[in-house]
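Hi there,

Here is the structure I promised to pass on to you. Have a look at it first, and my notes follow just below.

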Amino acid sequence: MARRFPPHVLRPVTDLDGVWDFAYLGDVEPDDVDPATLVFDDVMAVPGCFDATPAYAGRRGLAAYRTRVAAQPGLQRLVFEGVQHWCRVLWNGEPIRDHAGGFTRFTAETRSDGGEAEVIVLVDNRFGERSPLHMEHFDWYHFGGISRSVALHRLGSVRIDALAIDTRSVEDRRVEVRIDYTADAPATVPLALSCDGRALLAEDVDLDTAGTLVRTVEIPWAAPWTTAEPNLSVLAAELGGDDLRERFGLRRIAVEDARLTLNGEPLTLLGVNRHELHPQFGHAQPAGLLIADVQQLKDLGANFVRGSHYPLDPLFLDLCDEAGLLVWEESIGWQYPVEHLTDPAFVEAQLAHIAEMVAAARNHPSVILWGVLNECPSWSEAGYPVYERLLGRLRELDATRPVTYASLNAHDDKCFDLVDVVSANTYPGWYWGDVPGIPAELDRIAAHVDALGHKDKPLIISEIGAGAVPGWNDANRSLWTEDYQTDLLTTVVDHVIGHDRISGLAIWVFGDFRTTEHRDMLLKRPRGVNDKGVVDEYRRPKQSYKAVRERFRKL
């Protein structure tokens with residue numbers, strides 16, 4: 001897996017990225033597949049999305065991936081960073097794990113006698129009961145495949161399963177370290193902690209077959225992480241012959257006086273929403289593309305990016321850590337209907353998805369907000385307990401970050417009391433109204449939030465924008481022209497900068513992206529693309545990019 005630091009030094013890990021054998025099976029049920037009879041007549045890149053390639057463009061159905069690995073005797077752990085949308089993992093023909101939901105890390109374990117082993121992954125990019133988190137009406141195209149990296153870990157009798165590092169005091173350079181472990185049997189083993197190559201702790205510990213070790217340590221040489229000086233450290237934990245390393249930054253995110261603060265300093269968030277989509281690669285994001293996106297975000301003058309509408313690639317978060325970009329990380333979702341939102345199977349799938357999201361991203365200092373359920377029925381009485389449960393679970397998993405969600409209609413919302421930060425999506429001047437009326441609408445939202453009793457909560461305009469067909473203008477500065485988009489976004493930015501109540505803005509959207517094949521949506525999307533980006537789908541800047549850049553960079 002491509003990361004900006006090595007997560008393991010002691011544990012044997014084999015990178016399985018590359019070219020795998022491939023077979024497109026089509027409209028077949030996974031339970032009807034006999035792995036012994038599969039005919040792999042093609043190849044596919046991993047990471048990659050098969051339906052982003054010319055041979056399989058637009059296809060929905062079951063596909064099979066295969067590779068071979070050299071296994072040592074003992075426990076094997078396959079680590080997948082993301083598979084779209086549902087998959088079944090087989091080891092030498094035997095199923096060892098099913099997983100539903102894209103964009104998050106999961107593992108599959110089995111014991112091996114050693115020798116060469118065949119790994120097959122059945123991947124299903126269809127919509128339905130197996131994938132309750134993904135729905136066809138979503139306003140983006142759901143590409144399918146093994147979209148992120150895969151690795152094989154060879155495990156010993158003691159395993160470090162997770163390492164969480166939480167800042168307890170920036171001033172005292174104090175952090176809390178939590179080590180989740182499993183073991184074949186109770187044992188007494190050595191524990192060692194080090195940071196940036198300097199020893200912090202060494203002792204013997206008694207282990208059960210599973211548990212959590214918690215230690216508090218001080219790192220006096222570490223400098224705080226800020227947007228201007230994004231200082232980072234690597235903490236290494238070694239336990240009974242296994243190891244895990246995580247990179248982190250000393251920083252504290254809080255809500256104070258209706259503002260988000262970083263290490264006590266108030267933040268003004270100026271940035272964009274960003275989809276991980278590309279016409280050639282789908283949801284698979286080559287390292288060069290991720291680097292280019294971060295470079296453009298910095299050039300734009302943005303200090304903030306909202307991951308829309310699903311958890312982001314771990315390498316992108318690494319790059320944001322290094323660049324001092326602030327990130328809103330959210331679980332997958334887009335306008336789920338009430339009857340789906342309240343389905344118990346959906347809620348359980350969201351809870352599992354949220355746990356995977358937090359586990360993968362919690363040590364990134366760039367991540368300052370957790371979010372859920374973009375534009376879902378937070379206006380309904382039936383939706384309230386679902387928001388309450390999911391936001392409550394986020395706080396249980398990580399109490400160090402504020403929680404939020406993007407409201408579709410702030411004026412009718414019933415769940416703002418559940419969040420730390422109020423976030424509103426609104427499209428005046430596009431779906432309704434005109435450009436001159438935008439400032440009044442933003443002020444109306446702010447006044448309404450305060451009237452509900454939430455004056456103490458930060459307010460973010462989490463989506464606002466206008467479509468622009470790349471290169472299109474006319475004498476009337478009409479809808480869909482780059483002129484109109486520029487007029488709208490400059491009006492928004494000029495009003496938000498310096499606003500005494502709105503402290504965050506995420507323009508919709510950074511880059512154009514392909515939308516769903518759902519006809520009702522396609523008829524509202526020229527070229528089959530959501531073209532509200534300030535750059536197009538190939539990252540070529542539109543007219544609005546320069547105008548936004550001039551304003552963001554003044555700050």
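Helices α1 and α2 cross in a right-handed way in this predicted model. The axes of α1 (residues 287-300) and α2 (residues 314-323) come within 10 Å, and the crossing angle is roughly 35°. On the α1 side, the contact is made by Ala287, Leu290, Ile291, Asp293, Val294, Leu297 and Lys298. Leu315, Phe316, Leu319 and Ala323 make it from α2. Sorted by class, that contact has 9 nonpolar residues and 2 charged ones, with no polar residues.

Next, the sheet. Six strands form an open sheet in the order β3-β2-β4-β9-β6-β7, and the pairing is antiparallel. Because β3 (42-46) and β7 (94-100) stand at the edges with a single partner strand each, one side of each is left without a neighbour in the sheet. On average, neighbouring strands here are turned by 30° against each other, ignoring direction. Inside the sheet, β6 (residues 86-91) pairs with β9 (residues 115-124) over 6 bridges, in the antiparallel sense. If you want a spot to zoom in on, Cys87 has Val123 of β9 as its bridge partner.

You may also like the second largest pocket, with its volume of about 390 Å³. It is lined by 24 residues, and the closest to its centre are Gln335, Glu375, Leu408, Tyr427 and Tyr431. What classes do the residues of this lining divide into? The split is 9 nonpolar, 8 polar and 7 charged.

Happy to chat once you have had a look.

Best wishes

Note on methods: Residues numbered from 1 in each chain as written. Predicted model: local features only at pLDDT ≥ 70, side-chain atom pairs only at ≥ 80, totals over all residues. Heavy atoms only, no water. Axes fitted to C-alpha atoms, helices over the stretch in contact; angles between N-to-C directions. Helix = DSSP H or I, 4+ residues; strand = E, 2+ residues; numbered from the N terminus. Left-handed = near helix turned anticlockwise from the far one by under 90°. Contact = heavy atoms within 4.5 Å. Nonpolar A, V, L, I, M, F, W, Y, C, P; charged D, E, K, R; others polar. 1 Å grid on protein atoms, 1.4 Å probe; cavity = no way out; pocket = protein on both sides within 12 Å on 5 of 7 lines; lining within 4 Å. Points joined across faces, edges and corners; volume = space filled by probe spheres on them. Pairing = 2+ DSSP bridges.
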